[in-house]
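Me: I'm new to this one and would like to know what stands behind the labels people put on it. Could you show it to me first?

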Amino acid sequence: MKKGMKKTLIIVLSFMTLLMVWNQTLAQVSGPPTIQLRLMETTDLHGNMIGYNYENRKKTVEFGLSRTANLIKQARKEVPNSLLFDNGDILEGNALDEYAYRSHPLDLANVHPVFKAMNTLLYDAATVGNHEFNYGIDFMEESLRGANFPYINANIYVEDRNHFENDDLNYFNPYTILEKEVTDTAGEKHKLNIGVIGFITPIVAEWNKEYFRGNLKVKNIKETAEHFIPIMKSKGADIIVALAHTGLQSDKGLDEKKGNSVYALSKVKGIDAILFGHSHSVFPVRDELQKLPGIDLKSGTINGIAAVQAGYWGNHLGLIDLKIVQQEGSWKVKSSLSSIRPVYRTINKKSMPAVPTDPLIEQIMRKDHKETLDFLKDKK
Ligand SMILES: [Zn+2]
């Protein structure tokens with residue numbers, strides 16, 4: 001082959017290869033719009049904003065929101081679109097919570113210490129747990145006013161002492177629809193309406209009888225979901241996230257177990273993701289208790305629905321990564337992956353931090369932590 005011809009051939013071949021690569025890239029980009037959306041969960045914090053065990057008066061690396069905060073910040077940086085939720089049980093459970101209750105009333109300038117910490121993390125929404133009721137309804141209301149994010153719950157109703165279901169009033173806003181600007185995989189911006197609905201285990205009415213009797217009533221989780229989800233869809237929710245303060249299985253001792261577990265909730269049509277709590281477990285993990293029909297522990301789905309449970313006291317961050325594709329004008333969840341990230345690891349039987357603590361939360365909590373220690377001294 002002549003030198004000139006060889007050169008021409010090389011140029012033609014290189015051009016063809018370039019064209020192929022370009023075509024391939026174009027095919028990837030020009031598919032239907034695809035959004036990667038990460039949902040993050042904390043749950044059952046029970047007042048543990050910093051790594052301190054008030055029981056034995058010792059610092060700990062094993063829990064505390066100031067460490068989860070770093071997992072949240074890391075997880076946020078890894079993806080273009082994310083949302084953060086809390087699943088309840090924050091107002092009762094440790095000495096800081098008890099101190100906050102003893103020192104109320106909390107006025108506008110005196111926000112409940114848990115919200116001083118949580119407000120720095122820009123939560124998108126939260127639901128109440130049964131422990132929110134332990135110090136009474138007035139204290140709960142006073143405390144929740146300090147949160148700079150919405151609280152929702154769909155199955156607690158005002159007790160109106162009649163037998164008509166149709167005129168029953170929700171005690172909280174049953175759901176919220178968050179309008180979020182998201183960036184798809186091709187860099188295009190879209191408005192995505194994320195419907196968020198909250199549920200609580202009906203055991204709350206038994207464990208907090210003195211506050212519920214005559215004032216509030218709790219309805220079945222599955223039936224409540226079946227009522228509200230079509231309404232949320234009709235109001236424009238593109239995808240639906242359920243915050244369920246109930247375990248994978250219903251509570252022991254609950255009169256009506258049917259329909260009050262996450263397992264039952266996962267069978268309701270229209271739900272795309274369930275973040276749950278209450279039972280202080282972690283999901284998904286390789287655990288005999290989680291080996292139920294319809295549960296895929298690899299992807300973290302229950303009857304095909306993405307789900308996660310982030311342990312307790314801030315010892316884990318729960319994550320659900322959703323791949324959402326636009327088809328015929330509407331958004332559909334195509335696949336999901338649930339995972340959990342711990343704040344510490346056990347190495348040679350010793351707990352070692354997986355991430356450092358967040359200096360802002362540590363600083364914000366300093367005064368309330370010191371006052372809690374003084375309160376404990378006086379209590380003795
Ligand atoms: Zn609970």
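Reply: What follows is a round of questions about labels, each set against its cut-off.

Reply: Two things first. This is a predicted model, where local features need pLDDT of at least 70, side-chain atom pairs count only at pLDDT 80 or more, and totals for chains, interfaces and linings use all residues. Residues are numbered from 1 along each chain as its sequence is written, and side-chain values use heavy atoms, with hydrogens and water left out.

Me: Fine. How many helices and strands does the protein have, and what makes a stretch count as one?

Reply: There are 10 helices and 20 strands. They are DSSP runs numbered from the N terminus: a helix is H or I with at least four residues, a strand is E with at least two. As for the overall span, the C-alpha trace runs about 100 × 50 × 45 Å along its principal axes.

Me: What makes Asp 89, Asn 130, His 245 and His 278 the protein donors of the zinc ion?

Reply: Donors are N, O and S atoms within 2.8 Å of the metal (3.2 Å for Na, K and Ca). The atoms here are OD of Asp 89, OD1 of Asn 130, NE2 of His 245 and ND1 of His 278, and they lie 2.1 to 2.2 Å from the zinc ion, so they qualify. A caution: water is not among the atoms, so sites may look incomplete.

Me: And why is the site of the zinc ion called irregular?

Reply: Four donors count as tetrahedral if all angles lie between 85 and 135 degrees; four count as square planar and six as octahedral if opposite donors are over 155 degrees apart and all others between 65 and 115; anything else is irregular. The angles among the four donor atoms run from 89 to 160°, so tetrahedral is out because of the upper end, and the site is classed as irregular.

Me: How do you know that Asp 89 and Asn 130 tie together separate parts?

Reply: Asp 89 sits in the loop between strand E4 (82-86) and helix H3 (95-102), while Asn 130 sits in the loop between strand E5 (125-127) and helix H5 (137-144), so the pair joins parts 41 residues apart in sequence. Both Asp 89 and Asn 130 are buried, too.

Me: What makes Tyr 99 and Phe 375 a tilted aromatic pair?

Reply: Rings of Phe, Tyr and Trp (its six-membered ring) pair if their centres lie within 6.5 Å; planes under 30 degrees apart count as stacked, over 60 as edge-to-face and the rest as tilted. Tyr 99 and Phe 375 are 6.2 Å centre to centre with 55° between the planes, so they pair, and the pair is tilted. Tyr 99 lies in helix H3 and Phe 375 in helix H10 (residues 359-379), so this pair bridges parts 276 residues apart in sequence.

Me: Why is Tyr 99 called buried?

Reply: Buried means under 20% relative accessible area, exposed over 50%, partly exposed in between (1.4 Å probe, protein chains only). Tyr 99 comes in at 11%, so it counts as buried. Phe 375, at 15%, is buried as well.

Me: Then why is the pair of Phe 115 and Phe 149 edge-to-face?

Reply: Their ring centres are 5.9 Å apart and their planes meet at 65°, so edge-to-face is the label. Phe 115 is in helix H4 (residues 113-118) and Phe 149 in the loop between H5 and strand E6 (151-152), so the pair connects parts 34 residues apart in sequence. Phe 115 and Phe 149 are both buried, and ring pairs link them with Tyr 123 and Tyr 151 into a cluster.

Me: What makes H5 mostly covered?

Reply: Six of its eight residues are buried, including Ile 137, Phe 139 and Leu 144.

Me: Why are His 280, Arg 345 and Asn 348 labelled as they are for exposure?

Reply: His 280 has 30% relative accessibility, so it counts as partly exposed. Arg 345, at 48%, is partly exposed too. Asn 348 reaches 76%, so it counts as exposed.

Me: Where are these three found?

Reply: His 280 is in the loop between strand E12 (273-276) and E13. Arg 345 belongs to strand E19 (residues 344-347), and Asn 348 is in the loop between E19 and strand E20 (350-353).
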